[in-house]
Structures are given as C-alpha cells and as structure tokens.
Amino acid sequence: MIRRYLDPITEINAIRRQINDAFGDLTSEALTKTDWAPAIRLVDHGHEFVLTAHLVGVTAADLDVQVTADSVSVAGVRKAPEASAEEGTQVLYDDTRYGSFQRMVNLPDAVQNDKVVADFTHGVLTLTLPKVVEARNKVVKISLGGTEAPAIEAGEA
C-alpha cells in the first residue's frame, strides 16, 4: 500500500478556501476593524455583584446599559477620532478598535435590577448589582431545643 503525504499548509489553505466560499470571507477588513468587545470583570461580594467594563474612548451618550434580573447588556459605539485638518499630520499607528459593540453577561444569581447603581468615570463603567434577598447567602441557626431561630444574612453572625 502506498500512502501519499501532502503538505499540511496546502491542506489548511484548501480548507480555508472552502470555508470562505461557504460563509464568506470572515477575515475581511470591514469585519476586523469594527468588531471589538470591552473587557468585563464580574465579582461576587456575597450580597451584591460588581461588574466593571473598560470603555475608554466611549462617551456616556454612546452607551446603552440594560439590566434584567438575570443578565446585564452593555452596548454602544466607540467613534474613530476625526482626521486632523493640519497639513502634514498623519496617523502612523492606531491599534484601537472602533465601531459598535455589545456584551451580554449572564448573572449566576438574580439581582434587584431596579436598585442598580452605575458609575462611569475615566472610561470605566462600574455597576453595583444588589442580589435579591432569596439569592443572598443565608445562615440558619439551628436550635436543638426544638425552636427555630430566624435566618440571618452572611456577615451578620
């Protein structure tokens, strides 16, 4: 039996061409220049979540934040700076992504979306998302005498 070994690079390029033919060129300039997503951090503090999104270059007017009981959506647009009218001025390098973005974060526990506190300072969006009472960590003191003690929230004990 004779086995042919093909060049792996040639095979990869052939597969890439087939994918591009089927789905369009996914590496087009238009797609790579406008697609970006801000970095997001979600921290659980027990009684609340704190979500931080890094949105440098985005103005509050270009930002849309929506909070449901179980998710947070951050959408907006980062506009490219206008070209300078000065003669002899040219951008030599710009690695910043511009265009629209949207991030959706599913929350592990339900939050009180009507009590969210937002802060947008120096391009950093901070959302404080208080959990609903049922989702907070509760400690129940068990009495051995047959009477139940009331539940208390974590941190009160």
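This passage describes a strand hairpin, the residue His45 and the aromatic contacts of a predicted model.

Strand E1 (40–44) and strand E2 (48–54) flank the loop that holds His45. The two strands, E1 and E2, pair in the antiparallel sense, and five bridges join them. Within this pairing, Ile40 is found opposite Ala53 in E2. Three residues separate the strands of the hairpin, and Gly46 adopts a positive phi near 90°. His45 has a relative accessibility of 45%, a value between the 20% limit for buried and the 50% limit for exposed residues, and His45 is therefore classed as partly exposed. The C-alpha atom of His45 is 10.0 Å from that of Thr128, a residue 83 positions away along the chain.

One aromatic pair was found when the whole structure was searched. The pair consists of Trp36 and Phe101, with ring centres 4.7 Å apart; because the ring planes meet at 55°, the pair is classed as tilted. Trp36 belongs to the loop between helix H2 (29–34) and E1, whereas Phe101 is part of strand E5 (residues 99–106), so the contact ties together parts that are 65 residues apart in sequence. Both Trp36 and Phe101 are buried.

Two charged side chains are placed over aromatic rings. Arg78 lies over the face of Trp36, at a distance of 3.9 Å from the ring centre. Trp36 thus has Arg78 over its face and is also paired with Phe101. In the second case, Lys131 is positioned over the face of Phe49, 4.7 Å from the centre of the ring.

Terms used:
Residues numbered from 1 in each chain as written. Predicted model: local features only at pLDDT ≥ 70, side-chain atom pairs only at ≥ 80, totals over all residues. Heavy atoms only, no water. Helix = DSSP H or I, 4+ residues; strand = E, 2+ residues; numbered from the N terminus. Buried < 20%, exposed > 50% of the residue type's maximum accessible area, 1.4 Å probe, protein only. Pairing = 2+ DSSP bridges. Phe/Tyr/Trp six-rings, centres within 6.5 Å; stacked < 30°, edge-to-face > 60°. Lys NZ or Arg CZ within 6 Å of the ring centre and 35° of its normal.
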